[in-house]
Amino acid sequence: MGASLPPKEANLFKLIVKSYETKQYKKGLKAADAILKKFPDHGETLSMKGLTLNCLDRKSEAYELVRMGLKHDLKSHVCWHVYGLLYRSDREYREAIKCYRNALKRDPDNIEILRDLSLLQAQMRDLTGFVETRQQLLTLKPNHRMNWIGFAVSHHLNSNALKAVEILEAYEGTLEDDHPPDNERCEHGEMLLYKVSLLEESTSMERALEELHKKESKIVDKLDYKEQEVSLLVKLGRLEEGAELYRVLLSMNPDNYRYYQGLQKCLGLYAENSQYSPDEIERLDGLYKSLRQKYSWSSAVKRIPLDFLQGEKFREAADNYIRPLLTKGVPSLFSDLSPLYDHPGKADILEQIILELEYSVRVTGAYPGRVEKEPPSTLLWALFLLAQHYDRRGQYDMALSKIDEAMEHTPTVIDLYSAKSRFLKHAGDLAAAAALADEARCMDLADRYINSECVKRMLQADQVPLAEKTAVLFTKDGDQHNNLHDMQCMWYELASGESYFRQGDLGRALKKFLGVEKHYADITEDQFDFHSYCLRKMTLRAYVEMLKFQDRLHSHAYFHKAAAGAIRCYLKLYDSPIKSTSEEDDDMSKLLPSQKKKLRQKQRKAEARAKKEAEGKNEDSNVTGVSKSGKRPVKPVDPDPHGEKLLQVEDPMSEATKYLKLLQKNSPELLETHLLSFEVNMRKQKILLAFQALKQLLRLNAEHPDSHRSLIKFFHKVDLMPAPTTDTETLIWSVLGAERPLISQLQGNSLVEANLNFLKNHQDSLMHRAAVAEVLYLLEPGRKSEAIALIEDSNNNMVPNTNGTLGPVREWKLKDCVTVDKLLKTYLVDDAAASRWKKRCAEYFPYSTYFEGSRSSAVPGSAYNQNGSANHADHEHNAGSIAVNGNMEAFKDLNIQS
């Protein structure tokens, strides 16, 4: 390194390297310039100067200098190494690996290059290469612990756990007296637990347990030791010993649900589907009674029996569980009980219990069968629990009545306002829900969670400007866009993107969805630093788990939502392309001079307004962004804040395909993935790929309305295709001809007959009837009136229930009715039918603003449309009230009831 230079310049070159490592970039540049004055063609100096410039964000100059340096000294390992570092900084890992390999050809034993190469191989999951590089590092430096551990981990990742065990045992043999230094006891213990987990993974259970017992004294983490031991005992079938050890673990932490589950497995009393015989329930009940006597303070030991008990025993246990929590005033009680609503019959029993408790506390001030009086707050929490129960059952009138009663009892409890906001959202009044959430926010301006919930409600009501101004209250320097993006606040970006999509603003919607996609790319990049850190700190089990998590990262629900949202934007963009500048000019030329003038004035005003808003944001961020040193941090300016450039894509379907491939790879079991694949490939005229997506839809759920709709649409399109003229078309036809008879829905049936058979199987389902109507109109446009009649003849039946205390709950969901309304308006295009449907749905959903129900905030004079108490339609007016210190109007004439 710098060997071809005279001593003075060679020392300067060492200074460049040191300055780069210590981040003294200006000093390094000065030294590089001093060398290049005398030796302008010195390749290694040119490369190091480029690397230093790269750290100062002068990338184009950096690449130019590094390439020039490489040109002048092609055989220098330094030049190739620097070129690789440059690519690595730009996340071009494959190119960086090529550069490192070229560097190693010139200097095969360079430990620094080998180490950098191994990190990239781990990042790119080049596991074979990773094993080879770690072996080379170990050969060169066998006295370094990290090289032994890295070699073992590389074999583990390459699916060779037993080889990894051998390497770890060889490393242990290098230690004096088989004992690590005192300051490395924790790391050594972690390595031993990792070794045991490798033996467990390779199904060597007996050997793993023997090794664990043998090394017990050297393992510092005793809790992990016991958890590993009990796991091995259970897998070896030594259930009695396992049960005994689980009891020991429970004595250490009686609120750990996994320990109870493990104990049940050891006793043969565990079922994945929670279906137990009467004898098993009896034994489980006895088990938890004995545990409850031992751990009376544990909430888990009281809650778990509610999952398996039935009938009167469940009623008694639930009553005993609910009473102290109501007295204590636990707002999360309903969230705790909500999984029980999926168990047949338990929701009805819970309703009876809550009604009895509420009635008794209201009338006597005490629980049934008790003399001791309850505090006044018990009635409040009983009403709160009952309201949430009714909301879960879809009885929104009752839910709102009970929550209003609770708010009248104690108007200062914020949870009541948040819950009422949630009820209104479920009932369909999004504007009133946003207003209630804002009222709750104003009652505690320091609560970030309530602020976030308020923002979410506003975005659901499509009040984006107001939501942005509310979100800014909890951002670092008042610039909510940059900060929420930098903090990877994905729920906000997804909700915002969905709102923009509903409003038809595809540019901003795409901006938000692709922002979430970028977060996942950043999370993938974030693992890079852990490849060396975890080996150094010996957090080996956590490291391997992290790598497995990264491999399935894109199967996360948020990524699926973002990718699906982006694909829908591109589909809409393909169906309704944005007009080009020339097309807009053509449209302008057709206008009258006076109309042209008005349009230009309107455009200028919009541009001026947007510019003024941007300047205002910059001023705010400049004022609040001054650091202690008096310097303002320079933030990169977003060149496309509204996503307009994202809309200027030549081929929206090719962009959609990028995200579709990720969904197909990571979310293959979701119906939506293949539905989007079908839509994209139908537009691209990729018939076989569309058919592949169709087969996946039929595999996952052949009875789903979307699957049926796609099936008929596909073969209707195929039937309308002209006869094949090329070899490719002939091949496609032959494949479809062979596959069509294998589809059960079409065997011996025409498309019309298949549609009718589908209707016979799903007479009582609104969405299935809507799908049949849509397909009928597609196949036979002349039967439009029949298609509409299919929808209008649907019956909104009552949900069957076994308890007379339940109110009327109907089958139709608001979301489905909105979808049907859009079908009548946009596809069947019948205003009269749409009007009749709207009137009918307004009766079923009186709180729905979409259908303008009689009790919604969309109707003048309704309870939720009274001068801003629930209606936030006037965004500008309400945005101005955000900065005030809460809305104190609600606390005038406060009257607390006992």
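The following exchange between a trainee and a mentor works through a predicted model of a single chain.

Trainee: How many helices and how many strands does the chain have?
Mentor: Since this is a predicted model, the counts describe the model. Buried residues make up 47% of the 898 residues in the chain, and among contacts with a separation of 6 or more, 60% join residues 24 or more positions apart. As for the elements themselves, the chain has 46 helices and 0 strands.

Trainee: Which element gives the largest share of the largest nonpolar core?
Mentor: The largest nonpolar core has 117 residues, and those with the most contacts inside it are Tyr-260, Tyr-288, Leu-291, Ile-322 and Leu-326. The largest share of this core, 10 residues, comes from α22.

Trainee: How many residues are in the other core that lies apart from the largest one?
Mentor: The largest nonpolar core, with its 117 residues, includes Tyr-260 among those with the most contacts inside it. Apart from that core lies another, whose members include Val-464, Leu-466, Phe-559 and Ala-564, and its count is 45 residues.

Trainee: Which residues does Tyr-260 touch, not counting residues up to four places away in sequence?
Mentor: Tyr-260 is listed with Tyr-288 and Leu-291 among the residues with the most contacts inside the largest nonpolar core. Tyr-288 and Leu-291 also appear among the residues that Tyr-260 touches. With residues up to four places away left out, the full list is Leu-250, Pro-254, Tyr-288, Leu-291, Tyr-295, Ser-298, Ala-300, Val-301 and Ile-304.

Trainee: Which element gives the most to the lining of the largest cavity?
Mentor: The count comes to 1 cavity of 30 Å³ or more, and about 30 Å³ of space lies in the largest cavity. The elements that give two or more residues to its lining are α20 (333-337) and α22 (377-392). With 4 residues in the lining, the element that gives the most is α22.

Trainee: How do the lining residues of the largest cavity divide into nonpolar, polar and charged?
Mentor: The lining consists of Leu-326, Val-330, Pro-331, Leu-333, Phe-334, Trp-381, Phe-384, Leu-385 and Gln-388. Of these, Leu-326 is also one of the residues with the most contacts inside the largest nonpolar core. The lining residues divide into 8 nonpolar, 1 polar and no charged.

Trainee: Why do the buried residues of α12 lie on the same side of the helix?
Mentor: In helix α12 (residues 205-214), the buried residues are Met-205, Ala-208, Leu-209, Glu-211 and Leu-212. An α-helix has 3.6 residues a turn, so residues three or four places apart point the same way. The buried residues lie on the same side of α12 because the arc they cover around the axis is only 160 degrees.

Trainee: Which exposed residues does the face of α12 turned away from its buried side carry?
Mentor: The buried residues of α12 pack against α10 (161-173), α11 (185-201) and α13 (222-235). The face turned away from that buried side carries the exposed residues Glu-206, Glu-210 and Lys-214.

Trainee: Is Gln-228 buried or exposed?
Mentor: Gln-228 has its place in helix α13, and, leaving out residues up to four places away in sequence, Gln-228 touches Leu-193, Val-196, Ser-197, Glu-200, Leu-212 and Arg-541. Gln-228 and Ser-197 are 31 residues apart in sequence, yet their C-alpha atoms are 7.9 Å apart in space. Its relative accessibility is 9%, under the 20% cut-off, and therefore Gln-228 counts as buried.

Trainee: Is Met-538 buried or exposed?
Mentor: Most residues other than glycine have a negative phi. Met-538, although not a glycine, has a positive phi of about 65 degrees, and its place is in the loop between α31 (530-537) and α32 (540-551). With a relative accessible area of 1%, Met-538 is buried.

Trainee: What is the phi of Glu-852, which is not a glycine?
Mentor: Glu-852 is found in the loop between α45 and α46, and at 45% relative accessibility Glu-852 counts as partly exposed. Its phi is positive, at about 55 degrees.

Trainee: How far apart in space are Ala-863 and Ala-432, C-alpha to C-alpha?
Mentor: Ala-863 lies in the loop between α45 (831-844) and α46 (875-879), and with a relative accessible area of 53% Ala-863 is exposed. Although Ala-863 and Ala-432 are 431 residues apart in sequence, their C-alpha atoms are separated in space by 9.8 Å.

Notes:
Residues numbered from 1 in each chain as written. Predicted model: local features only at pLDDT ≥ 70, side-chain atom pairs only at ≥ 80, totals over all residues. Heavy atoms only, no water. 1 Å grid on protein atoms, 1.4 Å probe; cavity = no way out; pocket = protein on both sides within 12 Å on 5 of 7 lines; lining within 4 Å. Points joined across faces, edges and corners; volume = space filled by probe spheres on them. Nonpolar A, V, L, I, M, F, W, Y, C, P; charged D, E, K, R; others polar. Buried < 20%, exposed > 50% of the residue type's maximum accessible area, 1.4 Å probe, protein only. Arc of directions from axis to C-beta. Contact = heavy atoms within 4.5 Å. Core = buried A, V, L, I, M, F, W, Y, C linked by side-chain atoms within 4.5 Å.
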